[in-house]
Amino acid sequence: MKPTLALALVLCAVPLSPRAEPPPAAPAQAGPARTPDIPYTMFKLANGLTVIVHEDHTNPIVGVHVQYDVGAKDEKPGRTGFAHLFEHLMFQGSEHLPKGTADRLVEAAGGDTNGSTSQDTTQYWAQVPSNALEQMLYIESDRMGFLLPTLTQDKLDNQREVVLNERRQSYEMRPYGLSYEQILANLWNPDFPYHWMPIGSPADLKAASLEDVREFFTRYYGPENAVLAIAGDVDTAKARVLVERWFGGIPGKPAPVHEKPAATALTQERRVSMDDRVQLPRLYIAWQSPKVFTPGDAELDLAGQILTDGKSARLVKRLVMDERIAQDVSAGQMSETLASSFLITATPKPGVSLERLEKEIDEELAKLAAAPAAPEELERSKNKLESGAIFGLEPVGGFGGRAATLAGYYLRTGDPGFLGKDLARYRNATSADVSAAVKQYLRKDARVVLYVVPSMKPRPASAASTGAPAPASAQGESR
């Protein structure tokens, strides 16, 4: 039996104690770049739950982050969208917290909560005043250990319709919304798990039975397949007692086996055209690229910065600022566990052809592949990436905060403190390394080129709903 928590129904009425102002920071000293220190304590419960605690008593705030090692990478053709569906179901109430109770507790505490699903993982987080820590642990433990008793056919049907409506609003009815689906349908082979969006295909969602989704939850949503990160104004010893109290009684089991298939490499250029109800055409160019933390991954991150980050970036300067033939242009590496992709997107000014944009983009890629970037270009790109990573650590909770960073590094590398090694990849990269990565991976004979063409016809149905393969989403889904 799960213990009763009287505190869970007391809506955080404890007043906060005033805190002294932190001492002033020491003057900045010139010298080698320093990596921010995120000290942590890590331990594992008997049921397999990995727990990471980071103490920071600067502000009376705590972030609670639960991340499950499950996403689109763990789904199969015909059974897509389950991880994202459970992201929704996890917010629909559990055995001891009826629907809406958890959200009311967080709101009454003055906090915030959300979740998201990506190709690789599913995460749930809350950031609240530190005196609400136990309430948040209670909420997450009830989701983990006591969801299935409340999972009825009516609840499944309801959330299935919510997800289908989300798909219509976010993709099928949005300008250019189905473009990325078309790109990935050609970028990845049909049985590779990034081939479908985390939101899933309508056909698969409609076909999912209550037994199907129960089995998926039982396999992937136990403590043995999750990491709990707590960051902020907490005492590690006291936090451990609370974690043991609320999570220790959840039964564990052997961790699921995560298959790690390899994608089929592209051996030629694939050109695709798509009609859409849009005012301007758009160009997309996509490549397969090295998976996260492997050679070439950081170098392509830097290439994306050199090409399109800021007014002086090469493609922005040429296409948008100087020649004024593009409304916008962006480029970047989307790093993932099994494989990654590099994507360039450009929208022309009225009257400018997509062929011209493609030609000039190819010329800039050829220049970067043939000759190393100038030192100031590389330094600016490194500074942008590193400052973005460091600024993202300011909150203790939320998407990308310290709790999420520790949990994410643990799931991907086994080391919550991987930040220093991660930043070192960029600090150590040379201009020659970036050029070599562009030359090796951003080739014309191994890419997908998509032209989106304005049309007054109805927006095309999704690939999944027409029987064609539906690929993965680059950004994931959040409720």
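Here are two short exercises on helix and strand packing, with worked solutions.

This is a predicted model, where local features need pLDDT of at least 70, side-chain atom pairs count only at pLDDT 80 or more, and totals for chains, interfaces and linings use all residues. Residues are numbered from 1 along each chain as its sequence is written, and side-chain values use heavy atoms, with hydrogens and water left out.

**Exercise 1.** Work out how helix 1 and helix 7 are oriented to each other.

Step 1: grab the elements, which are DSSP runs numbered from the N terminus (helices are H or I, at least four residues; strands are E, at least two). Helix 1 covers residues 82-89 and helix 7 covers 210-220.

Step 2: their axes (lines fitted to C-alpha atoms over the stretch in contact, with angles from 0 to 180 degrees between N-to-C directions) come within 11 Å and cross at roughly 85°.

Step 3: the pair is therefore roughly perpendicular, the label for 65 to 115 degrees.

Step 4: for the contact (heavy atoms within 4.5 Å), helix 1 supplies Phe82, Ala83, Leu85 and Phe86, while helix 7 brings Asp212, Val213, Phe216 and Phe217.

**Exercise 2.** Find the edge strands of the open sheet with order 7-11-8-10-9.

Step 1: this sheet has 5 strands and mixed pairing, where a pair needs at least two DSSP bridges.

Step 2: strand 7 (270-276) and strand 9 (326-334) each have a single partner strand, so they're the edges, with one side of each lacking a neighbour in the sheet.

Step 3: check strand 9: 8 bridges tie it to strand 10 (residues 340-348), running antiparallel. Ala326 sits opposite Pro348 of strand 10.

Key. Angles under 35 degrees count as roughly parallel, over 145 as roughly antiparallel, 65 to 115 as roughly perpendicular and the rest as oblique.
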